[in-house]
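Student: Could you help me read a pocket and a ligand site, please?
Tutor: Gladly; let us look together.

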Amino acid sequence: MQTGLKDKIALVTGGSYGIGRAIALALAEEGCRVAICARGSERLEQTAGEIRAKGVQALAVAADVTHEGAATRVIDAVVKAWGGLHILVNNVGGAGGLERRPVEEVPEEKWTEAYQRNVLATQRFTLQAIPHLRRAKWGRVVAIASRQGKEGGGRPWYTMAKSAEISLMKTLALTPDLARAGITFNSIAPGRVIFEGNEWDQFRREDPERYAQALNQRVPIGRAGTPEEVAAVVVFACSEAASLLNGACISVDGGESFSF
Ligand SMILES: NC(=O)c1ccc[n+]([C@@H]2O[C@H](COP(=O)([O-])OP(=O)(O)OC[C@H]3O[C@@H](n4cnc5c(N)ncnc54)[C@H](OP(=O)(O)O)[C@@H]3O)[C@@H](O)[C@H]2O)c1
């Protein structure tokens, strides 16, 4: 399959490690120029180096996406460097760690933080990107949501925010003038994804037996996914070949979700 991604300009938020890094590297593999943003400079520069090692240009912009003005600053930097933008992957998100308190005792800040990272950052980056996608007469916007945002369950502050993120993509996809300008909006809904140092990796190290049991019981493929498995689906959603894919929310969860 031809992805048609050579020389396209892509921005991946939270592209320095985890799923975002795998997406950035997979887009680079297809010939995109790839910009990434994250808060920590060290891993950002390291991943930018890995992108360049694939023979394409990379741009690393240190930014906290929840800060006022971050979306404008990051997208301006990409456009200044390369003259436009074709692909935006809204990857920053997360639930803000495990929580043992009963739901009614979880402080308001946890809910607002999750909303900031998963929804408002996606909304701001997307709105800042749209004029550049219109200028290019082609665009792909992808949100990395979650299985729970699609069908409920899990930590409610996170699930609520992920549902809102999916809703934003769907609603923009239903906007005829954007769709007819060649701009598509889709969500990808991963299940459990493991990489070194994340929550699942910690669980596996601390209690390998319970970890294996949980996956065996709940995930039909019997294991967690990898960032690269998620990235492969994102590359397709960003490709020329995905021209009819608009407003979809694709589960990438080894069969764990119950919804169609
Ligand atoms: N892992 C899973 O099991 C799983 C499952 C379903 C959905 N997801 C979703 O997939 C996405 C990626 O998650 P992940 O598990 O790969 O790891 P993550 O820890 O949520 O994200 C890692 C990336 O985001 C950056 N980041 C975090 N907060 C940021 C902020 N405020 N501003 C800018 N960059 C920020 C990190 O760099 P810095 O820390 O240096 O800023 C890093 O580059 C999230 O939206 C998450 O909700 C993950």
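Student: Which residues line the second largest pocket?
Tutor: Rolling a probe the size of a water molecule over the atoms shows where empty space is left. On a 1 Å grid over the protein atoms alone, a pocket is an open set of points where a 1.4 Å probe fits, with protein on both sides within 12 Å along at least five of seven lines; lining residues have an atom within 4 Å of a point. Here the lining is Ser16, Tyr17, Gly18, Arg21, Arg43, Gln46, Thr47, Glu50, Phe195, Glu196, Pro227 and Glu228. This is a predicted model: local features need pLDDT of at least 70, side-chain atom pairs count only at pLDDT 80 or more, and totals for chains, interfaces and linings use all residues. Residues are numbered from 1 along each chain as its sequence is written, and side-chain values use heavy atoms, without hydrogens and water.

Student: Which helix gives the most to that lining?
Tutor: Helices are DSSP runs (H or I, at least four residues), numbered from the N terminus. Helix 2 gives the most, four residues.

Student: What polar contacts does the ligand have with Ser16 and Tyr17?
Tutor: A polar contact is a pair of N or O atoms within 3.5 Å. A polar side-chain atom of Ser16 lies 2.6 Å from a ligand oxygen, and for a side-chain N or O atom of Tyr17 the distance to a ligand oxygen is 3.0 Å. Lys162 also places a polar side-chain atom 2.9 Å from an oxygen of the ligand.

Methods:
Polar contact = N/O pair within 3.5 Å; in protein donor to acceptor, adjacent residues only side chain to side chain. Helix = DSSP H or I, 4+ residues; strand = E, 2+ residues; numbered from the N terminus.
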